[in-house]
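Hi everyone, thanks for coming. I'll walk you through one protein chain today, so have a look at it on the screen while I talk.

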Amino acid sequence: MKSRIALSVVFVLIAATAYAADAQSDAQKPVAQSDAQESFTTMKSLAGEWEGPVAVPEMPQMSGGKPTHASLRVTSRGHVLVHEFQEAGTPLDATKYDHPVTMLYVDGDQLTLVHYCDAGNRPRMTGTMSPDGKTVEFEFKDISGSAEYHMHHSVFTVIDANHHTEDWTFMMKDKPIHAHFDLHRTN
C-alpha cells in the first residue's frame, strides 16, 4: 500500500514537472503582435530628442525660421509614447510659447493618438501602418472641446534610425494648414 502511494506521488511529480516545462516553453514562444501593436512598436522606436526645420506651404512666413524641437519618450511601463513639440531654444513655458503634447497608445485593436492642443481641445486619431512598415498615418476620429481650430491628421515616416518626418494638418475653421517637419535625432 505504501509503495502504491509513493508510486502515485512520483507520477504526480513527473506530470507536474512535465506540465511546468511545457508551460515555460510556451511562455518563451514569441506572441504575434496585432497591427496596432506593431505600429506602436514602430512609433516607440522614435523615442529620443529631435530637431529640424518646418515648412508650412499655406503660411510661408512660418517656414525656414528657428528649427522645431521634438521630444518623444516612452513611459507608463512601455504603454504610452509622449510626444512634445516646441520651438528649439525656447524655455518650457506654456503660458508664452506653443508646447503641444501628444499621447500615443494601443487601445484594444487600434493605435490611438490624443493631441493636447494649444488651441485648448483634444482631437483623437487612430493610426494605421503602411505595408512597408515605415509610415504610420493617423486619421481624425473625434474631438473633446471646440472643433473650430484643431489638429486633424498626422503622418509619421521613419527614414532611418536618425531621421524621420512628421506631417500635421491643422484645421482653421474649414481651411487646412499643413506643416512638414524634417527631424534629425540629436541624441
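The buried residues of helix α2 pack against a whole list of strands: β4 (80-87), β5 (101-107), β6 (110-116), β7 (122-129), β8 and β9. One thing to keep in mind as you look: this is a predicted model.

So which residues of α2 are buried? The helix covers residues 35-44, and the buried ones are Ala-36, Ser-39, Phe-40, Thr-42 and Met-43. Those residues sit on the same side of α2, because they cover an arc of only 155° around the axis. If that sounds odd, remember that an α-helix has 3.6 residues a turn, so residues three or four places apart point the same way.

Okay, let's step back to the overall layout. The chain has two helices and eleven strands. Starting from the N terminus, the order is α-α-β-β-β-β-β-β-β-β-β-β-β. There are 187 residues, and 34% of them are buried. And if you take the contacts with a separation of 6 or more, 37% of those are between residues 24 or more positions apart.

Now the strands. Strand β1, residues 48-52, pairs with strand β3, residues 68-75, in the antiparallel sense, over five bridges. There you can find Gly-52 opposite Thr-68 in β3. Thr-68 turns up again on the way to the next strand, as its bridge partner in β4 is Glu-87. β3 and β4 also run antiparallel, and eight bridges join them. They make a hairpin with four residues between the strands, where Ser-76 takes a positive phi near 55°.

Further along the chain, we get to β8, β9 and β10. How many bridges are there between β8 and β9? Five, with β8 at residues 135-144 and β9 at residues 149-160, paired antiparallel. In that pairing Glu-139 stands opposite His-153 in β9. The two strands form a hairpin with four residues between them, and Gly-145 in the turn has a positive phi of about 100°. Then β9 pairs with β10, residues 163-172, again in the antiparallel sense, this time over ten bridges. Here Val-155 has Asp-167 in β10 as its bridge partner. This is a hairpin too, with two residues between the strands. One general point while you're looking at strands: in a regular strand the side chains alternate between the two faces of the sheet.

Next, the largest pocket. It holds about 820 Å³ of space. Its lining has 26 residues, and the ones nearest the centre are Met-62, Asp-98, Pro-100, Ala-179 and Phe-181. The elements giving two or more residues to that lining are β4, β10 and β11 (175-185). By class, the lining has 17 nonpolar, five polar and four charged residues.

Let me finish by zooming in on Pro-100, one of the residues nearest the pocket centre. Where is it in the chain? Pro-100 is in the loop between β4 and β5. Is Pro-100 buried or exposed? Its relative accessibility is 13%, and the cut-off for buried is under 20%, so Pro-100 counts as buried. What does Pro-100 touch, leaving aside its neighbours within four places in sequence? Its contacts are His-83, Glu-84, Phe-85, His-115, Tyr-116 and Asp-118. Take Glu-84 from that list: Pro-100 and Glu-84 are 16 residues apart along the chain, with their C-alpha atoms separated by 5.9 Å.

Technical notes
Residues are numbered from 1 along each chain as its sequence is written. This is a predicted model: local features need pLDDT of at least 70, side-chain atom pairs count only at pLDDT 80 or more; totals for chains, interfaces and linings use all residues. Side-chain values use heavy atoms; hydrogens and water are left out. Two strands pair if DSSP finds at least two bridges between them. Buried means under 20% relative accessible area, exposed over 50%, partly exposed in between (1.4 Å probe, protein chains only). The arc is that of the directions from the helix axis to the C-beta atoms. Contact means heavy atoms within 4.5 Å. On a 1 Å grid over the protein atoms alone, a cavity is a set of points where a 1.4 Å probe fits but cannot get out, and a pocket is an open set with protein on both sides within 12 Å along at least five of seven lines; lining residues have an atom within 4 Å of a point. Grid points are joined across faces, edges and corners, and a volume is the space filled by probe spheres set on the points. Ala, Val, Leu, Ile, Met, Phe, Trp, Tyr, Cys and Pro count as nonpolar, Asp, Glu, Lys and Arg as charged, and the others, Gly among them, as polar.
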